[in-house]
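Here's a set of exercises to work through with the viewer open. Have a go at each task before you read its solution.

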There are 2 protein chains.
Amino acid sequence: MYLLCLQRLLSVLYIMFPRHAAVVISGTELARQIHREIQRDVEELIAHGNMRPHLGVILVGDDPASHTYVKNKTRAATILGISSDTVVRPSSVSQEELLELIDKMNRDWKVSGLLVQLPLPDHINERAVCNAIAPEKDVDGFHIVNIGKLCLDQRSMVPATPAAVWEMIKRSGIQTVGKHVLVAGRSKNVGMPIAMLLHSDRNHERPGGDATVTIAHRCTPQYRLKELSLLADIIIAAAGVPSLITADMVKEGAAVIDVGINRIQDQKTGAVRLIGDVDFEGVKEKAGFLTPVPGGVGPMTVAMLMKNTVTAARNALMH
Amino acid sequence: MYLLCLQRLLSVLYIMFPRHAAVVISGTELARQIHREIQRDVEELIAHGNMRPHLGVILVGDDPASHTYVKNKTRAATILGISSDTVVRPSSVSQEELLELIDKMNRDWKVSGLLVQLPLPDHINERAVCNAIAPEKDVDGFHIVNIGKLCLDQRSMVPATPAAVWEMIKRSGIQTVGKHVLVAGRSKNVGMPIAMLLHSDRNHERPGGDATVTIAHRCTPQYRLKELSLLADIIIAAAGVPSLITADMVKEGAAVIDVGINRIQDQKTGAVRLIGDVDFEGVKEKAGFLTPVPGGVGPMTVAMLMKNTVTAARNALMH
């Protein structure tokens, strides 16, 4: 709340006085705001005699990154009063076994939300797995029916990263109606759903941003990307390309949301650090708003997954 | 085929010599090309001992426009060797009765493709009706699973109008990869799926156009629409606004596809005529390619619906 007021105040000040650098939107701070809302929602559910929301996670194989992601998710759940359990299967698990496990957890009323950590081993069809999860428990929002609903502006489980981008824009007071948004990246989990959320009608069942949206990607020539990004009021970088967006591509005062997570090894120390798709230092001098990496969209994504889990628990009350 | 060669030749000549007016893409001619392909496919199906493809149509109420649309569709079917039947129900029909009828036709193996003519009376939930049609018989492509598949670049029944626009572009030899497309209009049956087809990856299961795509709509300010349309190699006008696209908004040599169908009453004679969203006479002097209204996307849309019916008949062979 304080953060919200502060950011609004800063955006007013930005109009009144010349400024030197962008407002850096802290995903960590905004995530805390959402955490408080989730904790309140969980307490409310329990106070009304309902079960504590529970997140079921299926983890296949021993990829360290996947194990870290899952640990981050279940740890966040615990802190927020959401219970969870992780079912681990070896990478040799058959698709049939996996589908049976999902079916069992779909029918288990104690599981409010269910996710299968991706990627899966090559012998398993990820699409079949995503479509096997009951749509009302599908906290990742990857089920074909949830994708269809998202694209038709119906209420649905919105995938966590696009939902995070939406919340960061809205909670920072960045206007979208009639604005031009450039989305760089067209992945089905990030770029495409972000474009869907932002271009659609604010008066539909699931409100959209009413923005003019340009979707760019690896086939977009560099000169064209620059041409279009210079016309954008909001730039969403979700291509997985370090330094894709540089200061010369940003209109003075534009909002720049960096969804990229690229692992870069320091040539001297050998240490791995995370960088986004945006040249942060350069763009900071030009943009009106900017999200950092790390500490931007990342923590917000986990928060939105938890919000989806509470939504799933509420869905269960209606079934 | 001749038409295709002619159009390719014209596009080469256009590069070699200065020209005075756009190549007018005749939807009527291209539809004839597709008709021949469908007739060949139907004959082939029958020659292999399969049933003749059959289109089932459900028509509710007595709206004259709906009756005309249905008549055009079933007449086209007959000409192409596709059998059809139209089940008419009064506008007082209950949603339950309608869903029962759909269920019956879903289970009827003699029905290859099934469509319910829209719009439906207010007391009926159109979404529920679209979702009741078996996805593999859904020749309109409006089922939530077909929408989801379309947006994930999976093979699916593509709605006829977006499919028509795609074919007109491809069969006229207009390049899309790396080009900038402006789609004016974001309807769920036309603008949105066109944007999906054109921005997505040409190497995916259902190939996309690999174009950079901008989606504009009623919230796009006029100055911004012009700014973006002047950068577009392809403009798709699907807003339902007469004269939305004028010559001053078109880049020299751009392709302009007019999906608008607006009924205009002549103030003198009182006669009703159809016009598109594009100022045809003006834009003709500027564009490289242009589709007329009528005789453009309209006849191609009916052709693509028939193509979907043949696809549905093929789907049935695999079930």
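**Exercise 1. Helix 6 of chain B**

Which residues are buried in helix 6 of chain B? Keep in mind that this is a predicted model.

Solution. Step one is the cut-off: a residue is called buried when its relative accessible area is under 20%. Step two is to go along residues 144–151 of chain B with that rule, and 7 of the 8 residues pass, so helix 6 is mostly covered. The buried ones are Ile144(B), Val145(B), Asn146(B), Ile147(B), Gly148(B), Leu150(B) and Cys151(B). Step three is to look for what they pack against. From chain A there are helix 6 (144–151) and helix 8 (191–199), and from chain B itself helix 5 (126–132) and helix 8 (191–199). Finally, step just past the end of helix 6 of chain B: Asp153(B) has a positive phi of about 65°.

**Exercise 2. How the copies are related**

Work out what kind of axis relates chain A to chain B.

Solution. Start with the general picture: two copies of a chain are related by a rotation about an axis and a shift along it. Here the superposition of chain A on chain B takes a rotation of 180° with 0.0 Å of shift along the axis, at an RMSD of 0.0 Å. That is how a two-fold axis relates its copies. Now check the interface: 100% of the interface residues of chain A are interface residues in chain B too, so the copies meet through the same surface.

**Exercise 3. The two sides of helix 3**

Find the buried and the exposed residues of helix 3 of chain A, and explain how the buried ones are arranged around the axis.

Solution. First get the geometry. Helix 3 of chain A runs over residues 64–79, which is 16 residues, and its first and last C-alpha atoms are 22 Å apart, close to the 22 Å expected. Next, sort by accessibility: Ser66(A), Val70(A), Lys73(A), Thr74(A), Ala76(A) and Ala77(A) are buried. They cover an arc of only 155° around the axis, so they sit on the same side of helix 3. The general reason for such spacing is that an α-helix has 3.6 residues a turn, so residues three or four places apart point the same way. On the other side, Pro64(A), Lys71(A), Thr78(A) and Ile79(A) are exposed. Then ask what does the covering: the list includes strand 2 (54–60), strand 3 (83–89), strand 4 (113–116) and helix 11 (297–318) of chain A. Just after helix 3, Gly81(A) takes a positive phi of about 85°.

**Exercise 4. Backbone oddities**

Pick out the cis peptide bonds before Pro294 in both chains, then look at positive phi values in Asp153(A) and Ser243(A).

Solution. The baseline first: most residues other than glycine have a negative phi, and most peptide bonds are trans. In chain A, the bond from Val293(A) to Pro294(A) is cis, with omega near -5°. Pro294(A) sits in the loop between strand 11 (289–290) and helix 11 of chain A. In chain B, Val293(B) and Pro294(B) are also joined by a cis bond, with omega about -5°.

On to phi. Asp153(A) isn't a glycine, yet its phi is positive, about 60°. You'll find Asp153(A) in the loop between helix 6 and helix 7 (160–171) of chain A, and its 2% relative accessibility makes it buried. Ser243(A) has a phi near 55° and lies in the loop between strand 7 (234–237) and strand 8 (255–258) of chain A. With 43% relative accessibility, Ser243(A) counts as partly exposed.

**Exercise 5. Domains of chain A**

Where does the domain assignment place the two domains of chain A, and how many residues from each take part in their contact?

Solution. The assignment gives domain 1 as 51–142 and domain 2 as 158–299. Their centres, taken over C-alpha atoms, are 28 Å apart. The contact takes 4 residues from domain 1 and 4 residues from domain 2. For comparison with the record, an unreviewed UniProt entry lists "domain: Tetrahydrofolate dehydrogenase/cyclohydrolase catalytic" at residues 25–140 of chain A. Over that stretch, residues 25–140, chain A is 49% helix and 16% strand.

Methods: Residues numbered from 1 in each chain as written. Chains lettered and ligands numbered in written order. Predicted model: local features only at pLDDT ≥ 70, side-chain atom pairs only at ≥ 80, totals over all residues. Heavy atoms only, no water. Helix = DSSP H or I, 4+ residues; strand = E, 2+ residues; numbered from the N terminus. Expected span 1.5 Å × (residues − 1). Buried < 20%, exposed > 50% of the residue type's maximum accessible area, 1.4 Å probe, protein only. Arc of directions from axis to C-beta. Contact = heavy atoms within 4.5 Å. Least-squares fit on C-alpha atoms with pLDDT ≥ 70 in both. Domains from an automatic or database assignment. UniProt positions renumbered as here; feature names shortened; annotations may be inferred.
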